[in-house]
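I sat down with this chain today and kept a few notes as I went. Here they are, for anyone who likes to look over a shoulder.

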Amino acid sequence: MAVPRKKNSIHKKHIRHSAWLRNNLVKLTEKYQRVKCSNCGKYKLSHRVCPSCGYYAGKQVLTIKSKTRVAL
Ligand SMILES: [Zn+2]
């Protein structure tokens, strides 16, 4: 069995994962059905809590502290 000669560094792992995410983000967003949030109007996954405002079925279920952008 082939054995890796050297352990990959954490930085190399991050490069690989970011490249994978960049290439597959469009496929992932097309795969899952997105619906508009009834509260804020942004796209979210269906039957999930809205990541930008924290609403689900017209009720506030999460308090969103950070204002980071979520790509859906
Ligand atoms: Zn929302």
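The entries below go from the whole chain down to single residues.

**Entry 1: confidence.** I began by reminding myself that this is a predicted model. I looked up the mean pLDDT of the chain and found 87, with 92% of the residues at 70 or more. Then I asked where confidence is lowest and where it is highest. Helix α1, residues 10-31, has the lowest mean, at 88, while strand β3, residues 55-56, has the highest, at 93.

**Entry 2: the elements.** I listed the secondary structure and got one helix and four strands. Reading from the N terminus, I noted the order α-β-β-β-β.

**Entry 3: overall shape.** What radius of gyration does the chain have, I wondered, against that of a compact globule of 72 residues? The chain comes out at 18 Å, where the globule would be near 11 Å. I also took the spans of the C-alpha trace along its principal axes, and these are about 55 × 25 × 20 Å. Next I checked burial: 3% of the 72 residues count as buried. For contacts, I kept pairs at least 6 apart in sequence, and 14% of those join residues at least 24 apart.

**Entry 4: the helix.** I turned to α1, which has 22 residues. From first C-alpha to last, α1 reaches 29 Å, and I was pleased to see this is close to the 32 Å expected at 1.5 Å a residue. Where does α1 bend? I found the bend at N24, and it is about 50°. Burial was next on my list: zero of the 22 residues of α1 are buried, so the helix lies largely in the open.

**Entry 5: L28.** I picked one residue in α1 for a closer look, namely L28. Is L28 buried or exposed? I counted 11 C-beta neighbours inside 10 Å, and since 12 or fewer means exposed, L28 counts as exposed. I also took the C-alpha separation of L28 and H14, which are 14 residues apart along the chain, and got 19 Å.

**Entry 6: positive phi.** Before going through the backbone angles, I jotted down a reminder that most residues other than glycine have a negative phi. With that in mind, I stopped at H47, whose phi is positive, near 60°. H47 sits in the loop between β2 (43-45) and β3. Its surroundings hold 9 C-beta neighbours inside 10 Å, so H47 counts as exposed.

I stopped again at A57, another residue other than glycine, with a positive phi near 55°. I placed A57 in the loop between β3 and β4 (59-60). Why does A57 count as exposed? Because 8 other C-beta atoms lie within 10 Å of A57, and the cut-off for exposed is 12 or fewer.

Terms used:
Residues numbered from 1 in each chain as written. Predicted model: local features only at pLDDT ≥ 70, side-chain atom pairs only at ≥ 80, totals over all residues. pLDDT = per-residue confidence, 0-100. Helix = DSSP H or I, 4+ residues; strand = E, 2+ residues; numbered from the N terminus. Expected span 1.5 Å × (residues − 1). Bend = angle between axes of the 7 residues up to and from the residue. Buried ≥ 20, exposed ≤ 12 C-beta atoms within 10 Å, placed from the backbone. Rg over C-alpha atoms; globule rule 2.2 N^0.38 Å. Contact = placed C-beta atoms within 7 Å.
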